[in-house]
Structure formats: C-alpha cells, structure tokens
Amino acid sequence: MFVLHEPQELQILYESLEKNISESLKVGGVIFHIENKNPFNMEVLVDAWSDDLRVISRPQKEMKDDLDHYTNTYFTKAPDKREEALACPQVINWKQVFQIQGCESLDEAIKKVAASKSVQVDYTRTKLFMEIPMKLNTSSCGILKKRDGVIFIVCNPGVCKKDFSIITLDPSHAGLVNEQWEFGKNERSLKYIEHCLQSFLGLGILGRKGLSISWIVMEQSCELRMAYIVPK
C-alpha cells in the first residue's frame, strides 16, 4: 500500500468512496478533514486504483504516547484481503495500543492477525446512524419515543427559544464531555476531546438555569459522537 500525498489524488479517492458511502463513511470523513487543515495529522494509504480498493487512514507520525488509542486510530475500508493489509507492519504499528474502526466486519481478520502476533484484542460494537427524515407533530419541547435505541429530541422553536439556547462548545467544555463519555473518563480521553473541540464542531444546549443539559461533538472521522442528555 502507498500513501497519497497530492490533493488531487485525495479528491479523486474521496469522490470514488462516495459511490459506496455506507462502507466508506469513516475513511471519507478522515479525508474530508485532511483536505481541511488536517488537525489530527492523518494520512491515507491505498493499494490500487479500482472500485474495490483497500483504504486505510492512520496518523502521519509515530505517536509519542504508545498507549494513546484515541489518537492511534486507524480507519479502514477493505473489501477483500483484509488480513494482508492489517498484518503489514509498514501499514499498522502493532507495537502500540491502537484502535481500528470500520463500517464493515473486520472481526475475523483482526482475530487471525492478532493471534499470529500474540496481541490481545478488545471488541466494541457501535451503531452508526445516518440522517433520518422525521415528521414532527408536537406543539412543545419533548422527547420522542426511542427508535432503534436512539432518543430523538423535538423542539418547537417558539418554546425552545424562550427556555433553551444552543451554544458552540469549546475546549473548556472538554471536562464535562469527558465525565459522561462511555469511552472516556481518563486523562488521555480528556486530551483527545480538547483536541476535537479545538478543531471541529461541538454543540450544546443550555437549560433554564444556564447549565448544559445536552451536547454532541464531531470527531476526526466527521462522525458526531459523545452525545449526552442530562437525566430529567
């Protein structure tokens, strides 16, 4: 696999990935940020120019903290020959603690490669939701029923303008986000969240007393995550 350096090559790849956005969303998001100041110093590797090309994004430089799996993150799109790509030491640094994220099943490939290298692996399954059109029939702020495990908040502009306000998060909110993030609650995650809030969009809602009651943060793959709603 080889690294793409030229902006034109990255744009061609980005447009190619758009053809199958459900499998390419994570690497596509990384490429978007690479083309926009690249705040996390990521780079993209491909094996060949084809419709079924394998793509892996990774940090550009060797990370100073080998235990920081928040920054040592690889995003993949590998339709075939996954083991070959994951096992290559020139592609992935297996001497570090890191995480691999993808929109396709990588379980078997990772298990085989990890076993061959005598590396312990922890697995976490998450759901990735894309925009869902909804018809809102409510006259006041409220909470809709859960849909696929997600709680949707509905706000009537006339009511919400009076009782709530939307704010843009900044690094000073990192501690608050870190305390409630399921994958956080440590110093490395706090540093990661601060970096995200310095570089990307973060939104919050203030309640009647001016306290944060809900928030969401964009990460390096362009996903909106770390969402939280303060219990009633």
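In the predicted model, Ile205 of strand E9 has Ser214 as its bridge partner in strand E10. This pair belongs to an antiparallel arrangement in which E9 and E10 are joined over five bridges. The two strands form a hairpin with five residues between them, and within the turn Gly210 adopts a positive phi of about 80 degrees. Gly210, placed in the loop between E9 and E10, counts as partly exposed, its relative accessibility being 43%. Although Gly210 and Ser165 are separated by 45 residues in sequence, their C-alpha atoms are 8.5 Å apart in space.

Strand E9 (202-206) is also paired with strand E8 (residues 165-168), to which it runs antiparallel and is joined by four bridges. Within this pairing, Thr168 stands opposite Leu203 of E9. The side chains along E9 alternate in direction: Gly202, Gly204 and Leu206 point to one face and are buried, whereas Leu203 and Ile205 point to the other face and are not buried. Ile205, the residue bridged to Ser214, and Leu203, the residue opposite Thr168, therefore both belong to the face of E9 that is not buried.

Helix H7 packs against this part of the structure, its buried residues being in contact with helix H6 (174-180) and with strands E9, E10 (212-218) and E11 (224-229). The residues of H7 that are buried are Ser189, Leu190, Tyr192, Ile193, Cys196 and Leu197. Because they cover an arc of only 160 degrees around the axis, these residues lie on the same side of H7. Such a pattern can be read against the geometry of an α-helix, which has 3.6 residues a turn, so that residues three or four places apart point the same way. On the face of H7 turned away from the buried side, the exposed residues Glu187, Lys191 and Gln198 are found. The length of H7 is likewise in agreement with expectation, because its 13 residues (187-199) should span 18 Å at 1.5 Å a residue, and the C-alpha atoms at its ends are 19 Å apart. At the start of H7, the backbone nitrogen of Arg188 has a side-chain oxygen of Asn186 within 3.0 Å.

Towards the beginning of the chain, helix H1 (7-17) and helix H2 are in contact, H1 being listed among the elements against which the buried residues of H2 pack. In H1, the residues Leu10, Leu13 and Leu17 are buried. Seen down the axis of H1, the buried residues fall within an arc of 65 degrees, so they line one face of the helix. The buried residues of H1 pack against strand E1 (2-4), H2 and strands E2, E3 and E4.

Helix H2 (residues 21-34) bends by about 40 degrees at Val27, a residue that is itself buried. The other buried residues of H2 are Ser24, Lys26, Gly28, Gly29, Val30, Ile31, His33 and Ile34. Besides H1, the buried residues of H2 pack against strands E2 (42-46), E3 (55-59), E4 (73-77), E5 (99-102) and E10. Strand E10 is thus a packing partner of the buried residues of H2 and also of those of H7.

Several loop residues merit separate description. Arg54, in the loop between E2 and E3, is buried, with a relative accessible area of 8%, and its side chain makes a polar contact of 2.7 Å with the side chain of Asp47. Most residues other than glycine have a negative phi. Asn41, however, has a positive phi of about 55 degrees although it is not a glycine; this residue lies in the loop between H2 and E2 and is partly exposed, with a relative accessible area of 39%. Ser118, also not a glycine, has a positive phi of about 55 degrees. Ser118 is located in the loop between helix H4 (107-116) and strand E6 (142-143), and at 69% relative accessibility it counts as exposed.

Taken as a whole, the protein contains seven helices and 11 strands, and buried residues make up 36% of its 232 residues. Among contacts between residues at least 6 apart in sequence, 53% join residues at least 24 apart.

Notes
Residues are numbered from 1 along each chain as its sequence is written. This is a predicted model: local features need pLDDT of at least 70, side-chain atom pairs count only at pLDDT 80 or more; totals for chains, interfaces and linings use all residues. Side-chain values use heavy atoms; hydrogens and water are left out. The expected span of a helix is 1.5 Å times one less than its number of residues. Buried means under 20% relative accessible area, exposed over 50%, partly exposed in between (1.4 Å probe, protein chains only). The arc is that of the directions from the helix axis to the C-beta atoms. Contact means heavy atoms within 4.5 Å. A polar contact is a pair of N or O atoms within 3.5 Å; within protein, one must be able to donate a hydrogen and the other to accept it, and residues adjacent in sequence count only if both atoms are side-chain atoms. Two strands pair if DSSP finds at least two bridges between them. The bend at a residue is the angle between axes fitted to the seven residues ending there and the seven starting there.
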